[in-house]
Amino acid sequence: MAANNIPFVAGGNIAPCRIVVQSDDFTVIQSTASPGKPPTGISSEATRRPPNSAYDDGYAAVANGMIRVYQLGEHALCDVGSPIAAGDWIKPDANGRGVPASTGNYYVGQAVEAGSASNKRVLVKVQPGTL
């Protein structure tokens, strides 16, 4: 499936590989554990400035900056907040990292691989919905 390439603006600071939710017209914020609606996608794996440099602040985007969001049908790396098994449906934790979803949760997609340690990145097929 082709990339959606919809331009989004960050509504606040967003870390790389975090689950995001739309907050306004063409605006996304880093998701919380209970966003109240399905996530929009997963933020870019890149930082906004050269990595490992004096200029790197660790964010994919800051407030009012443009951000790449992986959306429906795309595959993206997602930071893990707790152990995940391949095939788990992934929802956000309080920091926008992926954790296993359960009945009644909104999810961003399905894990393609397992992740056993906090802050490890796993590949997720983005397909937002609810269990």
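How many bridges join strand β8 to strand β10, and do the two run parallel or antiparallel? Two bridges link β8 (residues 89-92) with β10 (residues 106-111), and the pair is antiparallel. Keep in mind that this is a predicted model.

**View 1. The whole chain is built from strands.** Start with the overall picture: the protein chain has eleven strands and zero helices. Its C-alpha atoms fill a box of roughly 40 × 30 × 30 Å along the principal axes. A compact globule of 131 residues would have a radius of gyration near 14 Å, so the 13 Å of this chain agrees with that. Buried residues account for 38% of the 131. If you look at contacts between residues at least 6 apart in sequence, 56% of them join residues at least 24 apart.

**View 2. I90 in β8 has a partner in β9 and another in β10.** Zoom in on I90. In β10, its bridge partner is G109. In β9, I90 stands opposite P100. The pairing of β8 with β9 (residues 98-100) is antiparallel and runs over three bridges. Five residues sit between the strands of this hairpin, and G96 takes a positive phi near 80 degrees there.

**View 3. Six strands line up in an open sheet.** Now move to the sheet with the order β5-β1-β3-β2-β4-β6, where the pairing is mixed. Its edges are β5 (66-67) and β6 (69-70), each of which pairs on one side only. Further in, β1 (residues 8-10) and β3 (residues 27-30) run parallel and are joined by two bridges. Look for A10 here: V28 is its bridge partner in β3.

**View 4. The largest nonpolar core gathers 13 residues.** I90 turns up again in this view: along with I19, I42, V108, V124 and V126, it is one of the residues with the most contacts inside the core. At least two core residues come from each of β7 (75-79), β10 and β11 (121-130). The largest share, three residues, is supplied by β11.

**View 5. V124 touches residues from far along the chain.** Set aside the neighbours within four places in sequence, and V124 is still in contact with a string of residues, including I42, H75, A76 and C78. Also among its contacts are I90, V108, G109 and Q110.

**View 6. Another core lies apart from the largest one.** This core has nine residues. Among them are A10, A60, A61 and V69. You have met A10 already, as the bridge partner of V28.

Technical notes: Residues are numbered from 1 along each chain as its sequence is written. This is a predicted model: local features need pLDDT of at least 70, side-chain atom pairs count only at pLDDT 80 or more; totals for chains, interfaces and linings use all residues. Side-chain values use heavy atoms; hydrogens and water are left out. Two strands pair if DSSP finds at least two bridges between them. Helices (H or I, at least four residues) and strands (E, at least two) are DSSP runs, numbered from the N terminus. A nonpolar core is a set of buried Ala, Val, Leu, Ile, Met, Phe, Trp, Tyr and Cys residues joined through side-chain atoms within 4.5 Å. Buried means under 20% relative accessible area, exposed over 50%, partly exposed in between (1.4 Å probe, protein chains only). Contact means heavy atoms within 4.5 Å. The radius of gyration is taken over C-alpha atoms; the globule rule is 2.2 Å times the number of residues to the power 0.38.
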